[in-house]
Amino acid sequence: MSELSVNHLLGIKYITEADIQLIFETADHFKEVINRSIKKVPSLRDITIANLFFENSTRTRLSFELAEKRLSADVINFSAASSSVKKGETLIDTVNNILSMKVDMVVMRHPNPGAGVFLAKHVNASIVNAGDGVHEHPTQALLDCYSIREKLGDVAGKKVVIVGDILHSRVALSNIFALQKLGAEVKVCGPKTLLPKYIENIGVKTEGSLRSALEWCDVANMLRVQNERMDISYFPTTREYTQQFGVSKALLDSLDKEIVVMHPGPINRGVEITSDVADSKQAIILDQVQNGVAVRMAVLYLLASKIKHNED
Amino acid sequence: MSQKVLLNATEVHIALQRLACQLIENHNSFTNTVLIGIQPRGIFLAERLKSILEKDYKLKNIQLGYLDITFYRDDFRRGDKTLEANTTNINFIVEDKKIVFIDDVLYTGRSIRSALTAIQSFGRPLEIELLTLIDRRFSRHLPIQPDYRGRQVDAIGGEKVKVCWEEKDGEDAVYLVNE
């Protein structure tokens with residue numbers, strides 16, 4: 001039987017295609033579980049998981065917490081806003097203090113890229129990266145690819161365009177790695193100022209025109225403009241951004257095929273996509289959210305199974 | 001490694017016919033009874049019994065589901081391997097139904113314990129019975145016994161009972177394997 005090649009999920013960069021397929025197959029079973037009348041299984045009943053969120057999150061945090069609870073794990077939550085981090089405690093000290101309360105796994109979101117990798121080297125627990133700055137957000141990429149697989153049957157051979165603020169997006173980077181490992185073709189589209197300089201070096205083509213990008217692709221993954229990460233102006237006005245890179249129903253209807261529209265949320269309605277697109281049948285935004293729980297259950301289950309019982 | 005034949009193809013077929021008849025004795029036309037094959041190996045036996053009931057005894061609308069117990073097992077993280085799940089497919093209501101669990105070999109009883117927990121996620125059955133092709137006597141870890149058994153076997157710890165099905169393994173047979 002196959003198992004994950006890693007003990008932590010720090011980024012898509014560090015896992016193999018076989019790992020991703022194993023996560024998907026396991027997620028299929030969990031998707032069936034969460035559609036039962038009793039949505040809970042006892043697998044992780046002797047595992048304690050700490051959710052450490054040093055940066056704001058709604059969806060990811062709720063999704064992880066629900067996944068953990070549906071696996072019967074004990075859960076403790078921590079957010080930086082109300083903690084001793086404000087008093088000057090270091091990351092390792094904070095985490096070690098939490099681990100001394102017998103915690104087996106840590107789900108962490110942190111504003112600094114590489115925080116998860118750093119932590120995995122220094123503490124004795126299984127780490128799941130729930131977003132580290134502008135670096136990676138592996139579970140989002142997994143659920144995005146899982147949703148494409150569910151909708152289109154397979155990820156291999158599909159053409160996916162990621163539109164918007166690629167520069168500040170951990171979702172974009174993780175998605176690029178995951179899609180490429182699964183054999184999809186990836187393009188990015190957005191204002192030149194929001195495309196990373198060396199993006200073509202990792203085998204991703206850039207496209208300046210949204211219409212050409214949409215005509216080329218099977219799936220469009222629309223990203224949010226991350227105003228909170230922008231210290232300078234990357235485009236003149238939001239209105240101009242929307243005119244060039246916003247997707248409307250009229251634009252989708254003018255294409256000669258029906259493409260799948262995705263969005264990792266939260267949506268700025270009327271900026272990157274209009275409301276009629278977000279609520280249309282072509283958009284699988286809410287499927288992505290539902291799949292998120294199943295995929296995270298799979299990740300937690302597979303990582304937990306590598307924590308041997310006698311090591312407790 | 002040596003192996004001995006416990007049941008050959010003819011003996012398997014006779015046992016299956018008898019088990020099907022015993023099921024009919026207790027459940028008549030199966031109007032309020034459903035069959036649940038336990039994944040991964042119990043589903044072959046379950047499919048065979050369903051086919052015998054439908055073809056040989058002309059019973060219609062036998063409901064058969066597959067139940068995977070992986071996430072309910074009590075040996076998670078206890079072994080070297082990750083436990084791999086299989087498909088659960090129960091597309092009918094089990095509330096107030098009579099359920100017959102079907103598995104190929106009853107050994108420690110731990111799988112059936114897990115199945116008893118797992119089925120609760122689908123509702124509250126009226127009653128649950130257990131049918132196994134092979135009942136390994138004297139090896140139970142839990143107070144679980146079959147209601148229907150094909151053959152009782154005395155096997156010691158180092159021995160393994162291997163049930164082969166034509167559709168999966170190319171022949172119908174039961175072997176006692178000494179490893």
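Domain bounds here come from an automatic or database domain assignment. On that basis, chain A of this predicted model splits into domain 1, made of 12-136 + 290-311, and domain 2, covering 138-289. It helps to keep those two domains in view as we walk through the structure.

Let's start with how the two parts of chain A meet. Taken over C-alpha atoms, the centres of domain 1 and domain 2 of chain A are 26 Å apart. Where they touch, domain 1 of chain A supplies 22 residues and domain 2 of chain A supplies 24 residues. On the domain 1 side, the elements giving two or more residues are helix H1 (17-33), strand E4 (126-132) and H11 of chain A. Of these, H11(A) contributes the most, with six residues. If you colour that side of domain 1 of chain A by class, you will find nine nonpolar, seven polar and six charged residues.

Now turn to the interior. The largest nonpolar core holds 141 residues, and those with the most contacts inside it come from both chains: A:Ile23, A:Val106, A:Val163, A:Ala298, B:Leu49, B:Phe101 and B:Ile102. Helix H11 (residues 285-304) of chain A appears again here, giving this core its largest share, 11 residues. Because domain 1 (12-136 + 290-311) and domain 2 (138-289) of chain A each give residues to the core, it lies between them.

For a closer look, pick A:Val106, one of the residues with the most contacts inside the core. Leaving aside residues up to four places away in sequence, A:Val106 touches A:Ala50, A:Leu52, A:Val95, A:Ala125 and A:Ile127.

Notes
Residues are numbered from 1 along each chain as its sequence is written. Chains are lettered from A and ligands numbered from 1 in the order in which they are written. This is a predicted model: local features need pLDDT of at least 70, side-chain atom pairs count only at pLDDT 80 or more; totals for chains, interfaces and linings use all residues. A nonpolar core is a set of buried Ala, Val, Leu, Ile, Met, Phe, Trp, Tyr and Cys residues joined through C-beta atoms within 7 Å. A residue is buried if 20 or more other C-beta atoms lie within 10 Å of its own, exposed if 12 or fewer, and partly exposed in between; C-beta atoms are placed from the backbone. Helices (H or I, at least four residues) and strands (E, at least two) are DSSP runs, numbered from the N terminus. Two residues are in contact if their C-beta atoms, placed from the backbone, lie within 7 Å. Ala, Val, Leu, Ile, Met, Phe, Trp, Tyr, Cys and Pro count as nonpolar, Asp, Glu, Lys and Arg as charged, and the others, Gly among them, as polar.
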